[in-house]
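Trainee: Could we go through this one together, a piece at a time? I'll ask, you reason it out.

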Amino acid sequence: MNTVPQPAPSRALTAWSLAGLVLLVPTVVIAGTAVLSTQRGSRCATYGEQCSTVPGDALYGCFGVALAAGLVALVWPRARWTDARFGAVLLQWGAQLTLGALILNGT
């Protein structure tokens, strides 16, 4: 059994990565609901008119990058390359916030 405590930055990175993974789907659902509650969003859902010009590949790409970077940061060895884990968490949150912004831009 390993009783060596993890350094504080390592635990913080794990917490941020896990928080991002937990909030990824709610980010998409809440942003999508906000878009559908607008007149333009409801017209798109009902009649297929005035729909978003944001390409679906960009949305799927941001979702995939956020998911992959979050998983990489979560399973990365805690004691090694903390800077790389930090970069993965930054990439995860950057992609997740960009995804939310792109969805909201569809209004």
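Trainee: Where does valine 22 lie?
Mentor: Going by DSSP runs, with a helix being H or I over at least four residues, a strand being E over at least two, and numbering from the N terminus, we can place it. Keep in mind that this is a predicted model, where local features need pLDDT of at least 70, side-chain atom pairs count only at pLDDT 80 or more, and totals for chains, interfaces and linings use all residues. Residues are numbered from 1 along each chain as its sequence is written, and side-chain values use heavy atoms, with hydrogens and water left out. Valine 22 sits in helix α1, residues 8–36.

Trainee: Is valine 22 buried or exposed?
Mentor: Buried means under 20% relative accessible area, exposed means over 50%, and partly exposed is in between (1.4 Å probe, protein chains only). Valine 22 has 54% relative accessibility, so the label is exposed.

Trainee: Which residues make the nonpolar surface patch with Val22?
Mentor: Patches take residues with over 30% relative accessible area and no salt bridge, joining like charges within 9 Å and nonpolar side chains (Val, Leu, Ile, Met, Phe, Trp, Tyr) within 5 Å. The areas come from the Shrake-Rupley method with a 1.4 Å probe, and for residues only the protein chains shown count as cover. The patch here is about 260 Å², and Val22 shares it with Leu18 and Leu23.

Trainee: What is the helix and strand pattern of the protein chain?
Mentor: The chain has 4 helices and 0 strands. Read along the sequence, that gives α-α-α-α.

Trainee: What radius of gyration does the protein chain have, set against a compact globule?
Mentor: The radius is taken over C-alpha atoms, and the globule rule is 2.2 Å times the number of residues to the power 0.38. The C-alpha trace spans about 60 × 20 × 20 Å along its principal axes, and 25% of the 107 residues count as buried. A compact globule of 107 residues would come out near 13 Å, but this chain has 17 Å.

Trainee: Which cysteine does cysteine 44 pair with in a disulfide?
Mentor: A disulfide is a pair of cysteine sulfur atoms within 2.5 Å, and the count by that rule is 1. The S to S distance here is 2.0 Å, and the partner is cysteine 51.

Trainee: What handedness does the disulfide of cysteine 44 and cysteine 51 have?
Mentor: Cysteine 44 is partly exposed at 25% relative accessibility, and cysteine 51 is partly exposed at 29%. The torsion about their S-S bond is about 100 degrees, so the disulfide is right-handed.

Trainee: And how far away is the nearest cysteine sulfur to cysteine 62?
Mentor: Cysteine 62 is buried, with a relative accessible area of 15%. Cysteine 62 is in no disulfide, and the nearest cysteine sulfur belongs to cysteine 44, at 19 Å.

Trainee: Which residue forms a salt bridge with glutamate 49?
Mentor: Side chains of opposite charge can pair when their charged atoms come close. The rule wants a side-chain nitrogen of Lys or Arg within 4 Å of a carboxyl oxygen of Asp or Glu, and the structure holds 1 such bridge. Glutamate 49 is partly exposed at 35% relative accessible area. The closest N and O atoms are 2.3 Å apart, and the partner is arginine 43.

Trainee: What is the phi of glutamine 50 near?
Mentor: Glutamine 50 lies in the loop between α2 (39–47) and α3 (56–75), and is partly exposed at 47% relative accessibility. Phi is positive here in a residue other than glycine, near 55 degrees.

Trainee: Which residues is alanine 95 in contact with, leaving aside neighbours within four places in sequence?
Mentor: Alanine 95 belongs to helix α4, residues 82–104, and is buried with 8% relative accessible area. Contact means heavy atoms within 4.5 Å. With those neighbours set aside, the partners are Cys62, Val65 and Ala66.

Trainee: How far apart in space are threonine 98 and cysteine 62, C-alpha to C-alpha?
Mentor: Threonine 98 is also in helix α4, and counts as partly exposed at 38% relative accessibility. Threonine 98 and cysteine 62 are 36 residues apart in sequence, and their C-alpha separation is 7.1 Å.
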